[in-house]
Amino acid sequence: MAEMGSKGVTAGKIASNVQKKLTRAQEKVLQKLGKADETKDEQFEQCVQNFNKQLTEGTRLQKDLRTYLASVKAMHEASKKLNECLQEVYEPDWPGRDEANKIAENNDLLWMDYHQKLVDQALLTMDTYLGQFPDIKSRIAKRGRKLVDYDSARHHYESLQTAKKKDEAKIAKAEEELIKAQKVFEEMNVDLQEELPSLWNSRVGFYVNTFQSIAGLEENFHKEMSKLNQNLNDVLVSLEKQHGSNTFTVKAQPRKKSKLFSRLRRKKNSDNAPAKGNKSPSPPDGSPAATPEIRVNHEPEPAGGATPGAALPKSPSQPAEASEVAGGTQPAAGAQEPGETAASEAASSSLPAVVVETFPATVNGTVEGGSGAGRLDLPPGFMFKVQAQHDYTATDTDELQLKAGDVVLVIPFQNPEEQDEGWLMGVKESDWNQHKELEKCRGVFPENFTERVP
């Protein structure tokens with residue numbers, strides 16, 4: 001019998017809850033259709049909006065704080081691995097080995113302490129702060145349900161009062177239910193009306209304390225870490241002094257394409273070597289400076305008995321080595337075969353006079369030589385100055401030998417395709433001021449051995 005009674009009570013509660021849900025659903029439908037008025041509290045709705053905003057901000061802060069802690073842990077592991085690597089490469093006979101090991105241990109302890117303090121003073125406080133939101137959120141939802149119950153009871157009571165046939169017993173019962181629903185709702189409403197504004201205002205102090213704790217812990221951590229880093233630096237300086245002769249030197253980037261062009265140029269120059277007395281190197285084939293513009297003059301033979309093919313006056317810009325005619329190069333005197341002399345003389349008598357004019361080459365929009373070369377105290381095409389920060393020993397004939405402190409005037413490559421990444425073309429300022437001859441002084445050099453200067 002007791003079990004039946006217990007089951008009966010349980011069944012009664014279930015039925016009551018189902019009836020409440022149906023009544024609330026019906027009331028909400030009527031309110032949405034506009035057939036029943038809804039109790040509004042704009043002040044409370046604003047408090048609920050603030051609560052939701054505060055919950056969203058707190059949840060985001062908690063997520064970002066956990067991400068920060070994960071990053072600290074990752075940095076700890078990376079720092080630990082780096083110190084382990086240092087311990088492995090630090091040979092036993094090197095000075096400061098024990099000090100370096102001690103610094104590594106202190107470094108590990110400092111990271112662990114920093115992470116634990118962040119958990120205790122920031123993350124746990126954050127969790128406590130957010131722990132109060134679920135309960136309040138549940139109460140807000142319950143308050144909303146009780147408000148619907150109150151409106152439903154109020155509408156039921158009003159409908160009984162306005163009915164044509166009044167049933168006093170039903171009206172009295174409906175009034176009793178209305179008073180009860182109103183009392184439950186108002187009790188919950190009053191409590192939330194006090195808690196929600198207080199919770200909203202507490203966010204300022206919480207944010208201040210949280211970020212102050214993080215900032216203070218990070219500041220102390222970096223101070224202690226700075227001391228350890230300074231101690232490690234002192235140990236390494238001591239090691240460097242003992243093994244100063246084996247100091248690591250800066251190396252230039254490897255050259256691939258430029259060395260290939262350099263070898264091709266040297267091979268080309270050796271195949272077409274000029275006369276023994278002419279030591280000026282010829283420019284690379286295909287470069288703008290090596291291809292003068294040719295104009296053919298069909299003017300009639302000048303008066304005065306000048307014969308066609310006679311020596312023409314050289315223009316000021318014409319190279320002193322040889323005159324190029326119709327894209328070819330005249331051979332040196334005496335270089336022709338005996339049988340070719342007569343044929344060449346006959347051909348020269350039948351050809352019109354050829355006027356050879358050379359024009360200054362243009363590299364990357366900059367005119368080399370001539371009146372457009374720019375300032376007279378700088379090489380043609382000058383772009384900027386750099387100063388050597390390290391000594392550099394040339395490994396090829398087209399490279400500059402540099403000493404720390406040398407100033408180099410950077411100029412463009414005649415053929416941009418010859419430029420390797422990390423290499424520049426230039427002439428040392430001292431060589432330029434002394435010789436003013438670009439062909440003899442210019443060369444390539446590694447950019448990372450220099451620093452740009454005004």
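**Exercise 1. Which residue is the bridge partner of W423 in β10, and how does strand β9 fit among its neighbours?**

Solution. The model is a predicted one, and the steps below read it strand by strand.

Step 1. Looking across to β10, one finds that P446 is the bridge partner of W423. β9 and β10 run antiparallel and are joined by four bridges.

Step 2. Turning to β8, which covers residues 407-411, one finds that four bridges join this strand to β9, again in the antiparallel sense. Here V408 is the residue that stands opposite K428 of β9.

Step 3. The whole arrangement is an open sheet of five strands, in the order β10-β9-β8-β7-β11, with antiparallel pairing. The strands at the edges, each pairing on one side only, are β10 (443-446) and β11 (450-453). From one strand to the next, the twist averages 50°.

**Exercise 2. Determine how strand β7 pairs with β11, and name a pair of residues that stand opposite each other.**

Solution. Strand β7 takes in residues 384-388, and its pairing with β11 is antiparallel over four bridges. Within this pairing, V386 faces R452 of β11 as the residue standing opposite.

**Exercise 3. Decide how many of the six residues of β9 are buried, and sort them by face.**

Solution. Step 1. Strand β9 spans residues 423-428, and six of its six residues are buried, so that the strand is mostly covered, where buried means a relative accessible area under 20%.

Step 2. In a regular strand, side chains alternate between the two faces of the sheet. In β9, W423, M425 and V427 lie on one side, while L424, G426 and K428 lie on the other, and both faces are covered.

**Exercise 4. Describe the surroundings of V407 and state whether V407 is buried, partly exposed or exposed.**

Solution. Step 1. V407 belongs to strand β8.

Step 2. Its relative accessible area is 23%, and because partly exposed residues lie between the limits of 20% and 50%, V407 counts as partly exposed.

Step 3. Leaving aside neighbours within four places in sequence, the contacts of V407 include K385, V386 and Q387, and also V427, K428 and E429. The C-alpha atoms of V407 and G426 are 9.9 Å apart in space, with their positions 19 residues apart in sequence counted as their separation.

**Exercise 5. Check whether the length of helix α3 agrees with the span expected from its 35 residues, and locate its bend.**

Solution. Step 1. Helix α3 runs over residues 97-131, and at 1.5 Å a residue its 35 residues should span 51 Å. Because the C-alpha atoms at its ends are 50 Å apart, the two values agree.

Step 2. The helix also bends, by about 35°, at V119.

**Exercise 6. Place K436 in the chain and describe its backbone and exposure.**

Solution. K436 lies in the loop between α8 (429-435) and α9 (438-441). Its phi is near 55°, which is a positive value in a residue other than glycine. With a relative accessible area of 40%, K436 is partly exposed.

**Exercise 7. Summarise the protein chain as a whole.**

Solution. Step 1. The chain holds nine helices and 11 strands, and 28% of its 454 residues count as buried.

Step 2. Of the contacts between residues at least 6 apart in sequence, 73% join residues at least 24 apart.

Step 3. The chain exposes about 30100 Å², and carbon and sulfur atoms supply 54% of this area.

Technical notes:
Residues are numbered from 1 along each chain as its sequence is written. This is a predicted model: local features need pLDDT of at least 70, side-chain atom pairs count only at pLDDT 80 or more; totals for chains, interfaces and linings use all residues. Side-chain values use heavy atoms; hydrogens and water are left out. Two strands pair if DSSP finds at least two bridges between them. Helices (H or I, at least four residues) and strands (E, at least two) are DSSP runs, numbered from the N terminus. Axes are lines fitted to C-alpha atoms, for helices over the stretch in contact, and angles run from 0 to 180 degrees between N-to-C directions. Buried means under 20% relative accessible area, exposed over 50%, partly exposed in between (1.4 Å probe, protein chains only). Contact means heavy atoms within 4.5 Å. Accessible areas come from the Shrake-Rupley method with a 1.4 Å probe; for residues, only the protein chains shown count as cover. The expected span of a helix is 1.5 Å times one less than its number of residues. The bend at a residue is the angle between axes fitted to the seven residues ending there and the seven starting there.
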